[in-house]
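Dear colleague,

Please find below the structure that I am handing over to you. My findings follow directly after it.

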Amino acid sequence: MITESLQINEKGHLAIGGIDTLFLTEKYGTPLYVMDEDQIRKNCKSYVNAINDYYDGYGMIAYASKAFNCKAMCGIIKDENMGIDVVSGGELYTAKLVGFPAEKIVFHGNNKTPNELIMAIEYGVGRIVVDNIFELKLLDKLAAAANKKINIMLRIKPGVDAHTHDFIRTGQIDSKFGFALETGEAMDAVEQSLKTENLNLSGLHCHIGSQIFDIEPFCHASEIMLNFMCDIREKFGFTVKELNMGGGFGIKYIKENDPPSYTNFVKDIIATIKTTCKKKQFDLPFLIFEPGRSIVGEAGITLYTIGAIKEIPNIRTYISVDGGMCDNPRYALYKADYTFTVANRANEEKTNKVTIAGKCCESGDILGENIMLQNVEIGDTLAVMSTGAYNYAMSSNYNRNLTPPVIMIKDSKDRIVIKGQTYEDIVRNDI
Ligand SMILES: *Cc1c(COP(=O)(O)O)cnc(C)c1O
């Protein structure tokens, strides 16, 4: 099977975490998000162990919760003794509800609102990643009003293109996130940070992209960041003590995807950091990684019931499901690849080329094109793999479709962690 969590059982059905998917659809209905909690925890541990094994534990894995955030997920991350990234008041609120240790929260975003910043200050968020000068000034003022000293990191654009390995200048300057290195903007931000009364520049941050399979660009970026930290030391006699290398480690959506192990990502980046620090006689920084997709992505699947089948002779066959872009907008957004299987015929051969359509009123509401699939009949169950990240998180109520429930499997037991919406939920705020 494409991911570790999945099996084909003795009935020829797709199983996840040892549970028959058809048992789950019967119990909870479709569409249904299912996540393998054992796999999530295993992924967490492999990152945490890598920091312990290769960096004496002098760092933190902060789960980028935008990939999948809910109370149960924040609870798992807290339980695994990790940190957490939030990018909005809503994500912060959720983390807060499970009593997430505030000092282990990292707050990101290119346009945090004053209210969100006040919330973060009041809660005592450990690190606020400042994106721009406007925010730096605003945060300094808000910290003064609260009579608190706030730890900040600065978001830097290191100028590394993750997909070509090239050091692309203009390409990276044109990003809505962070301060550019090569224009002097980043150095200016450091200078202004050091002049503030209420902010403590604890570290630098970069995030070079997402769904990246090569380790090299991360190593390259870490070297650039450390060189910049040395430049800061030289210019201001100030040592920045923390380095946050972001996330973006790739996962397996289709069999052609072949990501290195997370351990290897961490290990190789650390090797570069150690070499660079030694060469420059710079103390090893406290190191943060922020994996999101790679913690939850492969651990999740989505189950649908197949409805209308439309054969357009010599053109294509549409197989429609009872969900679509409302629960998974990623194909509509950027033609994301997925692996599909018919859960009740998982042991049969995939002989038909089909297009999977959602039920929303948009021609672009497609989950996959030219997908090889088993013979199907109306009422069969379609499974889409690797939907644990950026699926529930990006879901919407377009067409007033209901957001499906999320089920977690742990020790071969299923439990509901997010209830499915009801029609009452849909009209709850209507006046
Ligand atoms: C999105 C994001 C991440 C996580 O990216 P993944 O590709 O899900 O690992 C980490 N850090 C920052 C700042 C991000 O914006």
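I begin with charge: the protein chain carries 46 positive and 55 negative side chains, and the centres of these two sets are 3 Å apart. Please bear in mind throughout that this is a predicted model.

As to overall form, the C-alpha atoms occupy a box of roughly 70 × 50 × 40 Å along the principal axes. The radius of gyration is 23 Å, which agrees with the value near 22 Å that a compact globule of 431 residues would have. The protein chain contains 13 helices and 21 strands. Of its 431 residues, 56% count as buried. Among contacts with a separation of 6 or more, 68% are between residues 24 or more positions apart. The exposed surface amounts to about 18,800 Å², of which carbon and sulfur atoms supply 48%.

Turning to the interior, the largest nonpolar core comprises 109 residues, and Met 73 and Leu 154 have the most contacts inside it. Helix α9 (residues 216-236) provides the largest share of this core, with 10 residues. A second, separate core has 17 residues, including Ile 2, Ile 16, Ala 383 and Met 385. Beyond its neighbours within four places in sequence, Met 73 is in contact with Ile 40, Tyr 63, Phe 68, Ile 295, Val 296 and Met 408.

Val 342 also deserves a note. This residue belongs to strand β16 (residues 340-342), and it counts as buried because its relative accessibility is 0%, where the cut-off is under 20%. Its C-alpha atom is separated by 4.6 Å from that of Leu 382, although the two residues are 40 apart along the chain. Leu 382 is also one of the contacts of Val 342 outside four places in sequence, together with Leu 373, Gln 374, Val 376, Asp 380 and Thr 381.

Finally, some points of backbone geometry. Most residues other than glycine have a negative phi, and most peptide bonds are trans. The peptide bond from Thr 30 to Pro 31, however, is cis, with omega near -10 degrees; Pro 31 is placed in the loop between α1 (21-28) and β4 (32-36). Tyr 390, which is not a glycine, has a positive phi of about 55 degrees, and Arg 400, likewise not a glycine, has a positive phi of about 55 degrees. Tyr 390 is in the loop between β19 (381-385) and β20 (406-410), and Arg 400 lies in the loop between β19 and β20. Tyr 390 counts as buried, at 10% relative accessibility, whereas Arg 400 is partly exposed, with a relative accessible area of 43%.

Yours sincerely

Terms used. Residues are numbered from 1 along each chain as its sequence is written. This is a predicted model: local features need pLDDT of at least 70, side-chain atom pairs count only at pLDDT 80 or more; totals for chains, interfaces and linings use all residues. Side-chain values use heavy atoms; hydrogens and water are left out. Helices (H or I, at least four residues) and strands (E, at least two) are DSSP runs, numbered from the N terminus. The radius of gyration is taken over C-alpha atoms; the globule rule is 2.2 Å times the number of residues to the power 0.38. Buried means under 20% relative accessible area, exposed over 50%, partly exposed in between (1.4 Å probe, protein chains only). Contact means heavy atoms within 4.5 Å. Accessible areas come from the Shrake-Rupley method with a 1.4 Å probe; for residues, only the protein chains shown count as cover. Lys and Arg count as positive and Asp and Glu as negative; His and the chain ends are not counted. The place of a charge is taken as NZ of Lys, CZ of Arg, CG of Asp or CD of Glu. A nonpolar core is a set of buried Ala, Val, Leu, Ile, Met, Phe, Trp, Tyr and Cys residues joined through side-chain atoms within 4.5 Å.
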